[in-house]
Number of protein chains: 2
Amino acid sequence: MTTKVEQKERTHESILESAARLVREKGIGGASVADVMKGAGLTVGGFYAHFRSKEALVDAVLRTTAERLRESLFFEVDDKPEEARIELVLKRYLSAKHRDEYEKGCPFPSVMSEVGTTAECYRGVVAEEISNMAAGLEEHLPTGGALPRKQAALALVALMVGGLGMARALRGTRLSDDVLAACRVVGARAFRG
Amino acid sequence: MTTKVEQKERTHESILESAARLVREKGIGGASVADVMKGAGLTVGGFYAHFRSKEALVDAVLRTTAERLRESLFFEVDDKPEEARIELVLKRYLSAKHRDEYEKGCPFPSVMSEVGTTAECYRGVVAEEISNMAAGLEEHLPTGGALPRKQAALALVALMVGGLGMARALRGTRLSDDVLAACRVVGARAFRG
DNA sequence: CCTTTCACATGATGAGCATCATATTATACA
DNA sequence: TGTATAATATGATGCTCATCATGTGAAAGG
């Protein structure tokens, strides 16, 4: 019995993993259930034994990828002196590597437009996870800045997600690197204590 | 003969107008050719007498809507004292009205994700128009700031487009208004001379 | 060893998509 | 008035999509 249960859990996980990759690479609409299953080494038919619907799958993808992003973004940040923390986070998030390696990075730039237009059902999850991300940043913002920390953190999220999204859309053009650099510099300057 | 030519021009214009509305409301993938034509009071078949392809249509939409955005964003901004100009632009762009009236506003939040993932063919137009928007902002940034104006302008575009995109995705939640306010305040503070 | 169960595959359903071939209809000009 | 032109409509093409009904094979538990 354990064998079967374990096997199912492993399959479930590998479907989720494949979806996490595809959703970040091609957005929600671009990640078809068939492709997700193929990415997991399976065929379409089995999908509904693991997820109630594509919507449930994407919901799970957003939760897990957002959490993993926070982990890697804030990893060992507290070892740095207070003034350098935000700079480190910005360097990690607004890097050429993060721009180019879609499938391992932040999911928001890949889905934000869709959630704003045709995929409104994910508004709740996105609100939760954006809120979590802002809370994470807030912890690391220097105290005693000129602005309420909550406000600063929220604007920082917008700058980061907006900047990475634009840099990805412009990937290959000269502007792309410029956008990353500009957001890094301005972000660090604006949120210094 | 003139009657016929004029009629065709008018139809062309109304197809473009309908597409401009739909692309901003539903994104590129969400704006089907059939719906665009219905919005212009026509049926699918006639479309290819006016545009070579859907791609050509969307290209035209991005150009015209971006230009109209710039016009309304910078309208009479020079009448204001130098220090107040950026604040006025931010107030216009990051407003609840602009967030809610998709079909009349900025096209970028509606298409940025798609251009970054599955609609890469529009990368060139988007680069051009983002560049134009940054140049417009650059003109109105106060001189003698701590940063190169080009860099400041580019980061400002990212903050604005990112902030509006997030606010639209979160529309209806408490976070949505907070994002707009945060970006307005931070933007104004960061780019004061 | 045999029966039950269930993960997964096969194949179908009905919808929506961009594009196009053909038909219609109204205007433009001889 | 009649013929040519071309804008738009009708209807079809072949595709992809999410979802599901049914089949199959292997493992679980008696």
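Buried means a relative accessible area under 20%, exposed means over 50%, and partly exposed lies in between, all with a 1.4 Å probe and protein chains only. The views below show a predicted model, in which local features need pLDDT of at least 70 and side-chain atom pairs count only at pLDDT 80 or more, while totals for chains, interfaces and linings use all residues. Residues are numbered from 1 along each chain as its sequence is written, chains are lettered from A and ligands numbered from 1 in the order in which they are written, and side-chain values use heavy atoms, with hydrogens and water left out.

**View 1. Thr117(B) in the loop between H6 and H7 of chain B.**
This loop runs between helix H6 (108-116) and helix H7 (123-140); helices (H or I, at least four residues) and strands (E, at least two) are DSSP runs, numbered from the N terminus. Thr117(B) has a relative accessibility of 9% and so counts as buried. Contact means heavy atoms within 4.5 Å. With neighbours within four places in sequence left aside, the contacts of Thr117(B) are Arg24(A), Glu25(A), Lys26(A), Gly27(A), Tyr102(A) and Ser110(A).

**View 2. The fold of chain A.**
Chain A contains 9 helices and 0 strands, and its pattern along the sequence reads α-α-α-α-α-α-α-α-α. The C-alpha trace of chain A spans about 55 × 40 × 30 Å along its principal axes. Of the 193 residues in chain A, 52% are buried. Among contacts in chain A with a separation of 6 or more, 65% are between residues 24 or more positions apart.

**View 3. Helix H7 of chain A and its packing partners.**
H7(A) covers residues 123-140, 18 residues in total, and reaches 26 Å from its first C-alpha to its last. This is close to the 26 Å expected at 1.5 Å a residue, where the expected span is 1.5 Å times one less than the number of residues. Its buried residues are Arg123(A), Val125(A), Val126(A), Ala127(A), Glu129(A), Ile130(A), Met133(A), Ala134(A), Gly136(A), Leu137(A) and His140(A). Within chain A, these buried residues pack against helices H3 (54-74), H4 (82-93), H6 (108-116) and H8 (149-169). From chain B, helices H8 (149-169) and H9 (174-190) also pack against them.
Glu139(A) is found in H7 of chain A as well, but is exposed, with a relative accessible area of 60%. The C-alpha atom of Glu139(A) is separated by 9.9 Å from that of Asp78(A), 61 residues apart along the chain.

**View 4. Glu76 in chain A and in chain B.**
In chain A, Glu76(A) has its place in the loop between H3 and H4. In chain B, Glu76(B) is found in the loop between helix H3 (54-74) and helix H4 (82-93). Phi of Glu76(A) is near 60°, a positive value in a residue other than glycine, and phi of Glu76(B) is likewise near 60°. Glu76(A), at 46% relative accessibility, counts as partly exposed; Glu76(B), at 47%, also counts as partly exposed.

**View 5. The axis relating chains A and B.**
A turn of 180° with a shift of 0.0 Å along the axis lays chain B on chain A with an RMSD of 0.1 Å. The two copies are therefore related as by a two-fold rotation axis. The superposition is by least squares on the C-alpha atoms of residues with pLDDT of at least 70 in both copies. Gly162(B) is the residue of chain B that comes closest to this axis, with its C-alpha at 1.8 Å. Of the interface residues of chain B, 100% are also interface residues in chain A, so the copies meet through the same surface.

**View 6. The protein surface near DNA strand D.**
A residue is near a strand if one of its heavy atoms lies within 4 Å of it. There are 20 residues around DNA strand D, and Val33(A), Tyr48(A), Lys54(A), Thr43(B) and His50(B) come nearest. Of the atoms of DNA strand D that come within 4 Å of the protein, sugar and phosphate account for 83%. Helix H1 (2-30) of chain A and helix H1 (2-30) of chain B each supply at least two residues of this surface, and H1(B) gives the most, with 3 residues. The surface divides into 7 nonpolar, 9 polar and 4 charged residues. Here Ala, Val, Leu, Ile, Met, Phe, Trp, Tyr, Cys and Pro count as nonpolar, Asp, Glu, Lys and Arg as charged, and the others, Gly among them, as polar.

**View 7. Side chains at phosphate oxygens of DNA strand D, including that of His50(B).**
A polar side-chain atom of His50(B) lies 2.5 Å from a phosphate oxygen of the strand. For Lys54(A), the distance from a polar side-chain atom to a phosphate oxygen is 2.8 Å, and for Thr11(B) it is 2.9 Å. A polar contact is a pair of N or O atoms within 3.5 Å; within protein, one must be able to donate a hydrogen and the other to accept it, and residues adjacent in sequence count only if both atoms are side-chain atoms.
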